[in-house]
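Dear colleague,

Please find below the structure that I am handing over to you. I would ask you to keep it open while you read the notes beneath it.

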Amino acid sequence: MEQEIDILIGDLKQRKASACRQLLSDYGPAVLRMVSRIVTRREDAEEVYQDVFMKALRGIAGYKPQQASLNAWLSRIAYNESLNFVRGQKATYVYMDDLGLDTQDEPDEAPHSEETIALLEQALGMLPPYEQAIIHMFYYDNMSLADIAFVTGSIPSTVGSQLSRIRKKLYRMIKTC
């Protein structure tokens, strides 16, 4: 597998069309999922998706496999391009302080019902895009804290702290509904 990725990267550096098609085929769906979680309007997400791969192809010479996997490297580009797009849009997010919730509550039980799961999905939609992205990378994409840290330009311990705060925030949001 690692040898196949090395060959793919070499072919991408040589600008081979077959390598570009393989990159899109192998990594495109995951990149589109990440972009779509942050950029919710389909047309905008598709535009950002294209920008991600254009940026990746232009920057492939700078990719360092010892620093991160190709998937993590592409995820970092997708994350940053998506956030840059969202920052350029006029969006309104609901923050915990705006809801008047006590920020000291601790989760004491896991969601058990379909209703709770629906509330969780609704609460996820109320989070700022960068918090949504962290939750999705960890729980849906099964990325390690180290990979998420690479994607977000952070360190693993900071990502762990962010996950903890976001989980508590989601719990409080669900609890008040």
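The following paragraphs describe the chain as a whole, then its core, and then one residue.

This is a predicted model, in which local features need pLDDT of at least 70 and side-chain atom pairs count only at pLDDT 80 or more, while totals for chains, interfaces and linings use all residues. Residues are numbered from 1 along each chain as its sequence is written, and side-chain values use heavy atoms, with hydrogens and water left out.

The protein chain has nine helices and zero strands; helices (H or I, at least four residues) and strands (E, at least two) are DSSP runs, numbered from the N terminus. Of its 177 residues, 40% count as buried, that is, under 20% relative accessible area with a 1.4 Å probe, protein chains only.

The largest nonpolar core (buried Ala, Val, Leu, Ile, Met, Phe, Trp, Tyr and Cys residues joined through side-chain atoms within 4.5 Å) holds 50 residues, of which L23, L70, W73, L74 and M137 touch the most other members. Helices that each supply at least two residues include α1 (2-13), α2 (17-38) and α9 (156-176). The most comes from α4, with ten residues. Beyond its neighbours within four places in sequence, L23 is in contact (heavy atoms within 4.5 Å) with L8, L12, G28, F53, L57, L70 and L74.

Helix α4 also contains E81. Is E81 buried or exposed? E81 counts as buried because its relative accessibility is 16%. Leaving aside neighbours within four places in sequence, E81 is in contact with V48, D51, V52 and K55.

Yours faithfully,
A colleague
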